[in-house]
Amino acid sequence: MIKFPEYFMWGAATSAPQSEGYALNYGKSASTWDKWFEMHPEKFNGDQGPDSASDTYRLYKEDVQNMQKIGLNSFRTSIAWTRLMPDGEHVNPEAVAFYRDYFERLKAANITPIINLFHFDMPWWLMEKGGWENRESVMAFARYAKTAFELFGDLVDRWTTFNEPIVHIECGYLTGYHYPDIIDFKKAVQVGYHTLLAHAAAVAEFRKVKPDGQIGIILNITPAYAKSDAPADLAAKEKADLLLAKSFLEPTVLGQVPPALITLLAEHQLTPVTEVGDRDLLAANRVDFIGVNYYQPLRVQAPTNPHFPALTTDDLYENYVWPERRINPYRGWEIYPEALYDVAMMMKNDYQNIPWYVSENGMGVADEERFMAADGEIQDDYRIEFMQEHLRQLHRAIADGSSCFGYHTWTFNDCWSWLNGFRNRYGFFRVDLEHNAQRTMKKSGHWYRQLTENNGF
Ligand code: BG6
């Protein structure tokens, strides 16, 4: 039997835009996702936008009861900036009532809430001013963060600022997968820089409002694996690590932008515009913990046809398909649990053994109805096996001294996911879109209950 430490947090994660629904109701204003869907519904799988999501705004009370049924002792969701402060200045009382009741119910059920502030959902009013490209976004975010800490700080002790900041930078400004759907490396770097400052400014507010609380950031990190030991492949790995992992890990944990990243950006004429005092802001506002989202490893090789200076990240490193890879056939992502051990050791050895937790890990499955038994229960043994494999690696890392304090799966209920809509299902509970978002526990939900009861498996 594999046993985890007594204090271990067992949970699941979701986000406001992916779960709540009522995208433009109860005082909420539009985010880039609401607007983009309005403009281009055809971009979204099955023409499914964020308007209903998993209907959590209506069903959150039932959801909290379901969390108890599968034994969660912690849960992560986010606040929608556009619901709490629809114009960025004034607070929406309906949002305050909703989130307070939600968080109170979690606490009453002995489920520790971990609340995130930004999960790719840029307010439209701010996007119209340039979004993260505009330095005004830093103070706007700090204002929102401060308001959230003041309104909910009595109920929530653990907070995070951003979920996977690399994603809104890369997908928005380098790959065309998020709004504003442009390809401009220089803008991407500026957006990243302002995001980093916004994070630090929010941490500064947190220390004033809630000095007894804990604050972190959620990053999708994995050490990159090089195709070979050839110097060009190793250099590509270094660059991928710098841009995708160290760019946020070093400033948030160690308080400074890695010097090698500053050099790399300068070489490619990508240095962002900075202001006096930025360095001090970063140095003074380090996190208490890190959340790591891990799904699949990053495998890289030297770029085959690079431009200089780089126009996109493809000019610095190229993705590479490892011939021995094992694939999740229902989502196409590589399954490589060993990377979780490597991340854990990286946190121990390179990041002062900072406390961290797995903030997302899970197995996406398209057309999951095909695994439904006659009684309506999804027989997701593949998901149970996926979690077990990753937990074994995590257990090994904890035994080797890594300070991991919890494991959250993605996700609790099947939820809406950006351009993919409801294609990939990840939940412990199936959400039936044809029947009023009715929830039905999958086999993995029963398994998770045993896991949390036994604190192991
Ligand atoms: C994570 C994101 O990286 O991946 C989630 O934080 C997202 O928001 C999840 O839903 C799964 O992605 P997908 O594309 O398989 O639905």
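## A walk through the model, starting at the ligand

Select the ligand first: 13 residues surround it, and the closest are E164, G364, S417, N420 and N424. Colour that shell by residue class and you get one nonpolar, nine polar and three charged residues.

Before going further, a word on what you're looking at. This is a predicted model. The protein chain has a mean pLDDT of 98, and 100% of its residues reach 70 or more. For the complex, the predictor gives an ipTM of 0.97 and a pTM of 0.98.

**Stop 1: E164.** Stay at the ligand and click on E164, one of the closest residues to it. E164 sits in the loop between strand 4 (158-163) and helix 8. Check its backbone angles: phi is positive, about 45°, even though E164 is not a glycine. Why is that worth a click? Because most residues other than glycine have a negative phi, and most peptide bonds are trans.

**Stop 2: two cis peptide bonds.** Now follow the chain along helix 8 (165-173) into the loop that leads to helix 9 (185-209), where you'll find P180. Select Y179 together with P180: the peptide bond joining them is cis, with omega about 10°.

Where is the next one? Jump to the loop between strand 8 (298-301) and strand 9 (318-319), and pick out P309. The bond from F308 to P309 is also cis, with omega near -10°.

**Stop 3: helices 3 and 5.** Time for some helix pairs. Two packed helices are described by the angle between their axes and the distance between the axes. Select residues 56-69 (helix 3) and 93-108 (helix 5): they pack at an angle of about 10°, with their axes 10 Å apart. Helix 3 and helix 5 are therefore roughly parallel to each other. To see what touches what, show Y57, Y60, K61 and V64 on helix 3, and F98, Y102, R105 and L106 on helix 5. Sorted by class, that contact has six nonpolar residues, no polar ones and two charged ones.

**Stop 4: helices 13 and 14.** Next, select 338-350 for helix 13 and 381-399 for helix 14; here the packing angle is about 30° and the axes are 8 Å apart. That angle is under 35 degrees, so helix 13 and helix 14 count as roughly parallel to each other. Their crossing is right-handed. Turn on side chains for E338, L340, Y341, A344 and M345 of helix 13, then for H390, Q393, L394, R396 and A397 of helix 14, and you have the contact in view. This contact of helix 13 with helix 14 is made up of six nonpolar, two polar and two charged residues.

**Stop 5: helices 14 and 15.** Keep helix 14 selected and add helix 15, residues 443-454: the two pack at an angle of about 35°, with axes 8 Å apart. Which way do helix 14 and helix 15 cross, left-handed or right-handed? The crossing is right-handed. On helix 14, the contact uses D381, R383 and I384; on helix 15, look for K443, S444 and W447. What classes do the residues of this contact of helix 14 with helix 15 divide into? Two are nonpolar, one is polar and three are charged.

Key: Residues are numbered from 1 along each chain as its sequence is written. This is a predicted model: local features need pLDDT of at least 70, side-chain atom pairs count only at pLDDT 80 or more; totals for chains, interfaces and linings use all residues. Axes are lines fitted to C-alpha atoms, for helices over the stretch in contact, and angles run from 0 to 180 degrees between N-to-C directions. Helices (H or I, at least four residues) and strands (E, at least two) are DSSP runs, numbered from the N terminus. Angles under 35 degrees count as roughly parallel, over 145 as roughly antiparallel, 65 to 115 as roughly perpendicular and the rest as oblique. A crossing is left-handed if the near helix is turned anticlockwise from the far one by less than a right angle, and right-handed if clockwise. Two residues are in contact if their C-beta atoms, placed from the backbone, lie within 7 Å. Ala, Val, Leu, Ile, Met, Phe, Trp, Tyr, Cys and Pro count as nonpolar, Asp, Glu, Lys and Arg as charged, and the others, Gly among them, as polar. A residue is near a molecule or strand if its C-beta atom, placed from the backbone, lies within 6 Å of it. pLDDT is the predictor's confidence in each residue, from 0 to 100.
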